[in-house]
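Here are some notes on the structure you passed along, set out as numbered points so that each can be checked against the coordinates.

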Amino acid sequence: MSAANSAARPASASAPEPAGALPTTRRSSGPAWRAGWLAIAVTAATFLLAFKGGFYQPQDREALTVVVWWAIALGAILGLWPRAPVPRGALVAGGLLAAFAVWTGLSALWAPAPETALAELGRVLLYLGIFLLALLATRPGDGGRIADGLGLGIAAVAALALASRLFPDLVGTTELDRLLPGATDRLTYPVDYWNGLGILLGLGFALLLRTAATEGARWRPLAIAPVPVLSCAIYLTSSRGGVLVAATGMVVLVALTDRRVLTAVAAGLGLGASALAIVVLRARDAVVSGPFESDLASSQGRGAALLIVLISLLTGALMLFVAALAPVRPRMAPALRGAGVAAAVVAGLAALALLHPGQRFEEFRKPPGSGDVSIEAHLFSAGGSGRWQFWDSALDQFAAHPLAGGGAGSYESWWAANGSIPYFLRDAHSVWLETAGELGVLGIALLVAFVASALVGGALALQRGPREERAAPAALMAVLIAFCAGAAVDWMWEMTVVAAIAVLCAGLLAGPAVRRRPAEVTLDAPDAPEGGRSAGATAPRPRRLAFAPRVVLVEVALTAVALVALPLLSERGLDQSRADAERGDLAAATEAALDARALAPWTSGPPQQLALVHESAGDLGGASVWVDRAIEENDADWRLWLLAARIQTSSGEAERARESLRRAKALNPKSKIFATRP
């Protein structure tokens with residue numbers, strides 16, 4: 001054996017081999033413990049994101065963005081990225097998302113308020129960072145492990161959410177309970193929004209079904225056990241979006257996976273058990289409709305919890321039994337398969353006819369009513385809760401600015417000025433229509449192309465990957481498509497935990513995580529050519545980034561950190577200023593607000609706070625100066641004009657106050673605040 005060949009051999013393979021021996025092989029996918037820890041880490045991260053209100057609040061989201069981009073920068077500095085070769089298609093998808101971020105930031109040039117566009121840029125930067133981490137920090141085969149972790153994390157969120165209703169003393173009064181006392185009938189904890197929670201849990205169905213029907217450890221069929229818990233939680237949220245997302249994910253998974261029969265059986269078992277668990281809930285009215293703090297609700301909750309746990313355990317045990325008896329890859333005869341598809345189509349058409357689609361469409365178009373309805377009545381209703389009006393307004397904004405849109409984050413002010421019903425609204429309840437209205441043709445084209453490119457990557461993995469690894473891209477594609485459906489009917493782009501999961505799935509589909517895993521690497525065979533490894537058997541090693549690309553990546557990461565960290569620190573300064581003002585320390589409140597303005601001079605929050613502090617101190621002149629500066633930063637915010645009118649009235653500037661009031665009313669003409677004002 002040559003010296004070069006001897007040096008190339010690992011120590012574990014250095015012993016001489018007998019003549020004619022087969023090539024020595026080893027697994028290159030990493031030790032088994034890595035797979036377990038990766039799934040556990042993803043489970044914990046998913047649960048923590050949901051537990052903190054879904055990371056919806058700007059400060060939470062911005063802090064997460066800083067962490068993500070610091071991780072990218074640190075990995076680039078240390079030469080850790082990429083962990084595996086990145087496919088060219090992933091670079092295309094990443095470029096599209098990066099272009100979407102750039103276009104979002106550029107829209108600050110024509111948006112009514114630059115600060116809203118830059119805030120939306122920060123949101124897109126978070127998703128871009130998550131996408132890049134999925135490309136750079138994963139290896140082939142990680143897609144399945146991360147899918148397992150996501151499913152388990154969502155199941156843990158469902159268990160906590162359901163427990164908060166079944167055991168009322170577990171969770172105290174939340175912020176949403178204080179803001180919207182009438183909304184507490186619908187389950188919201190821990191995400192603090194019923195549809196956000198329902199859609200998040202809906203994403204878990206495809207992930208759990210994939211785990212239950214995938215070859216591997218004997219325990220995997222038990223993953224079906226949490227499905228009744230997810231279904232009960234979605235029922236209590238009364239989220240039709242959650243039902244839509246769950247159904248979409250399951251249908252797409254069954255259509256794409258190669259283990260179609262076993263996946264369909266798992267879905268049937270899960271849905272049957274879910275129906276039984278929901279019957280258990282419906283029999284306990286205090287758990288569903290309240291009063292939730294009563295002794296009756298506590299008693300009924302304990303009984304329901306015991307029965308639902310038993311149903312879940314029996315479901316898992318039954319799936320374990322079915323998986324043990326089923327053939328490794330059960331096949332359905334073509335004739336039987338065709339008959340099943342035909343029966344499903346006929347059943348779907350019959351159900352559609354029974355639903356009277358024309359009548360339900362008209363019901364959907366009606367403005368939202370004021371009457372309260374029960375959880376179940378809402379779940380089966382066709383009312384749009386104002387969505388038709390929200391979407392129509394977004395289309396009007398697109399028609400008014402088809403090329404560039406009104407600017408990122410501008411829908412709130414557009415709706416306030418042009419909305420058809422008196423309703424406070426920030427988002428159009430559809431990322432697709434809102435993006436079209438705010439960013440025009442180019443913006444919506446970039447977003448759609450990004451999603452499409454990720455799905456193309458998943459489709460290629462399905463075609464080219466080994467059969468035993470195709471379930472992972474199928475499940476990740478199901479989650480991404482289900483998210484697209486959910487984001488079409490609600491503001492899930494803004495619900496960080498939900499959108500982050502979807503973008504992570506897009507990164508896994510586009511990147512190396514679902515590509516062919518180099519299961520074995522052939523080491524020195526006796527008849528191998530000079531150099532040690534047999535030709536064509538060596539797994540490709542990732543090429544570390546060269547110095548120049550690494551510097552560029554670090555600069556991009558640090559720029560992203562700066563763009564997000566400055567408003568984050570500014571907002572924290574504002575919080576300090578408000579706390580000082582509540583204590584009566586107006587000098588400290590002024591200093592904190594000035595520091596906040598120095599950090600983010602393009603935002604209207606600091607000058608608005610300074611106006612309020614000066615008004616509290618009786619300095620109406622100073623208050624008038626600062627409110628004028630706030631309006632200079634955001635003259636589309638009707639609340640600033642209303643504050644100006646109040647300060648000007650107190651200052652005796654009656655004419656200016658009337659003009660400011662007219663301006664406020666023009667920006668929000670349907671607000672009840674102006675109903676009795678001239």
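The points below take up a pocket, a helix, two peptide bonds and two backbone angles in turn.

1. The model is a predicted one, and the remarks that follow should be read with that in mind. The second largest pocket has a volume of about 800 Å³, and of the 27 residues that line this pocket, Val 42, Ala 45, Ile 130, Leu 133 and Leu 504 are the closest to its centre.

2. As to where that lining comes from, the elements that give two or more residues to the second largest pocket are α2 (32-51), α3 (58-77), α5 (114-136), α6 (142-166) and α21 (496-510). The largest share, nine residues, is supplied by α2. Sorted by class, the lining of this pocket holds 22 nonpolar residues, together with two polar and three charged ones.

3. Helix α23 (residues 586-599) passes a simple check on its length: at 1.5 Å a residue, its 14 residues should span 20 Å, and this agrees with its end C-alpha atoms, which are 20 Å apart.

4. The burial pattern of α23 can be read alongside that check. Ala 589, Ala 592, Ala 593 and Ala 596 are the buried residues of this helix, and because they cover an arc of only 100° around the axis, they lie on the same side of α23. Ala 587, Glu 591 and Ala 598, on the other side of α23, are exposed. The partners against which the buried residues of α23 pack are α22 (547-583) and α24 (605-616).

5. Two cis peptide bonds deserve a look when you go through the backbone. One joins Tyr 189 and Pro 190, with omega about 5°, and Pro 190 is placed in the loop between α7 (175-179) and α8 (194-213). Another runs from Gly 290 to Pro 291, with omega near 5°, and Pro 291 has its place in the loop between α12 (285-289) and α13 (295-325).

6. Positive phi values are the last item. Asp 192, a residue other than glycine, has a positive phi near 70°; it lies in the loop between α7 and α8, and with a relative accessible area of 30%, Asp 192 is partly exposed. Ser 238, which is not a glycine either, has a positive phi of about 55° and is found in the loop between α9 (227-237) and α10 (240-256). Ser 238 has a relative accessibility of 1%, and therefore counts as buried, the cut-off for that term being under 20%.

Conventions
Residues numbered from 1 in each chain as written. Predicted model: local features only at pLDDT ≥ 70, side-chain atom pairs only at ≥ 80, totals over all residues. Heavy atoms only, no water. 1 Å grid on protein atoms, 1.4 Å probe; cavity = no way out; pocket = protein on both sides within 12 Å on 5 of 7 lines; lining within 4 Å. Points joined across faces, edges and corners; volume = space filled by probe spheres on them. Helix = DSSP H or I, 4+ residues; strand = E, 2+ residues; numbered from the N terminus. Nonpolar A, V, L, I, M, F, W, Y, C, P; charged D, E, K, R; others polar. Expected span 1.5 Å × (residues − 1). Buried < 20%, exposed > 50% of the residue type's maximum accessible area, 1.4 Å probe, protein only. Arc of directions from axis to C-beta. Contact = heavy atoms within 4.5 Å.
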